[in-house]
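The following exercises concern helix packing, burial and nonpolar cores. Each task is followed by a solution in steps.

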Amino acid sequence: MVDMPYVRTWTGWVYLATVIDVYSKMVVGYAMADHMRTGLVIDALDMARRNIDLVEGCIFHSDRGSQYTSTDLAVYLESRDMRGSMGRTGVCWDNAMAESFFASLKNEFVHRTAFPTRRKAIDAIAHRIEIRYNRKRLHSGIGYRTPFEAHNAYVARDEEA
């Protein structure tokens with residue numbers, strides 16, 4: 001699941017693209033830049049592919065932003081045996097997991113922090129995702145575990161089978 005919020009800095013906007021694993025709620029890939037073109041989404045997907053084993057035919061769900069409806073992204077997904085899925089127009093619940101993640105990130109961190117430069121914002125948000133969200137933040141929907149713990153439990157169970 002993905003979405004693309006933006007973060008204000010004193011030197012301009014930073015856009016964040018994420019890839020969130022639905023099972024574990026872990027942010028498995030992300031990318032940040034001063035633009036919101038399709039390449040940013042592809043960079044986040046490339047990170048996700050490096051971080052976890054994506055099964056053939058896995059579903060990449062997004063909203064209907066132009067980055068996600070582009071031909072470049074469709075070609076990327078097809079060439080990597082991934083299937084695209086999009087929520088309905090104007091229905092935020094179709095992308096609820098991504099919306100929930102961004103609400104938490106903004107309310108707990110971004111809206112409480114001043115970022116003097118894009119680099120400071122990028123570094124701080126990456127740290128927040130990697131350390132706080134994935135490894136420390138407990139989620140009731142996954143048994144009050146962290147996304148990292150839920151992901152590792154899934155991988156261990158899969159390896160035993």
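**Exercise 1. Classify Thr-146 as buried or exposed, and describe its surroundings.**

Solution. The model is a predicted one.
Step 1. The relative accessibility of Thr-146 is 4%. The cut-off for a buried residue is under 20%, so Thr-146 counts as buried.
Step 2. Thr-146 belongs to the loop that lies between α4 (118–135) and α5 (147–160).
Step 3. With neighbours within four places in sequence left aside, the contacts of Thr-146 are Asn-134, Arg-135, Lys-136, Arg-137 and Leu-138.
Step 4. Phe-115 is 31 residues from Thr-146 along the chain, and the C-alpha atoms of the two are separated by 27 Å.

**Exercise 2. Determine how α1 and α2 are oriented to each other, and which residues form their contact.**

Solution.
Step 1. Helix α1 spans residues 38–51 and helix α2 spans residues 71–79; they pack at an angle of about 20°, and their axes are 9 Å apart.
Step 2. Angles under 35 degrees count as roughly parallel, so α1 is roughly parallel to α2.
Step 3. The handedness of the crossing of α1 and α2 is right-handed.
Step 4. On the α1 side, Thr-38, Val-41, Ile-42, Leu-45, Asp-46 and Arg-49 take part; they meet Asp-72, Leu-73, Tyr-76 and Leu-77 of α2.
Step 5. By class, the residues of this contact comprise 6 nonpolar, 1 polar and 3 charged.

**Exercise 3. Carry out the corresponding analysis for α3 and α4.**

Solution.
Step 1. The axes of α3 and α4 cross at roughly 110° and come within 12 Å.
Step 2. The range from 65 to 115 degrees counts as roughly perpendicular, and α3 and α4 are therefore roughly perpendicular to each other.
Step 3. From α3, Phe-101, Leu-105 and Glu-108 meet Ile-125, Arg-128, Ile-129 and Tyr-133 of α4.
Step 4. The contact of α3 with α4 has 5 nonpolar and 2 charged residues, with no polar ones.

**Exercise 4. Identify the elements that give two or more residues to the largest nonpolar core, and state which gives the most.**

Solution.
Step 1. The largest nonpolar core has 22 residues, and those with the most contacts inside it are Leu-16, Tyr-30, Met-32, Phe-101, Leu-105 and Ile-125.
Step 2. Two or more residues come from each of β2 (12–20), β3 (27–33), α3 (96–108) and α4.
Step 3. The element that gives the most is α4, with 6 residues.
Step 4. A second core, separate from this one, has 21 residues, including Ala-33, Ala-44, Phe-60 and Tyr-76.
Step 5. As general background, nonpolar side chains tend to be buried together in soluble globular proteins.

Note on methods:
Residues numbered from 1 in each chain as written. Predicted model: local features only at pLDDT ≥ 70, side-chain atom pairs only at ≥ 80, totals over all residues. Heavy atoms only, no water. Axes fitted to C-alpha atoms, helices over the stretch in contact; angles between N-to-C directions. Helix = DSSP H or I, 4+ residues; strand = E, 2+ residues; numbered from the N terminus. Parallel < 35°, antiparallel > 145°, perpendicular 65-115°, else oblique. Left-handed = near helix turned anticlockwise from the far one by under 90°. Contact = heavy atoms within 4.5 Å. Nonpolar A, V, L, I, M, F, W, Y, C, P; charged D, E, K, R; others polar. Buried < 20%, exposed > 50% of the residue type's maximum accessible area, 1.4 Å probe, protein only. Core = buried A, V, L, I, M, F, W, Y, C linked by side-chain atoms within 4.5 Å.
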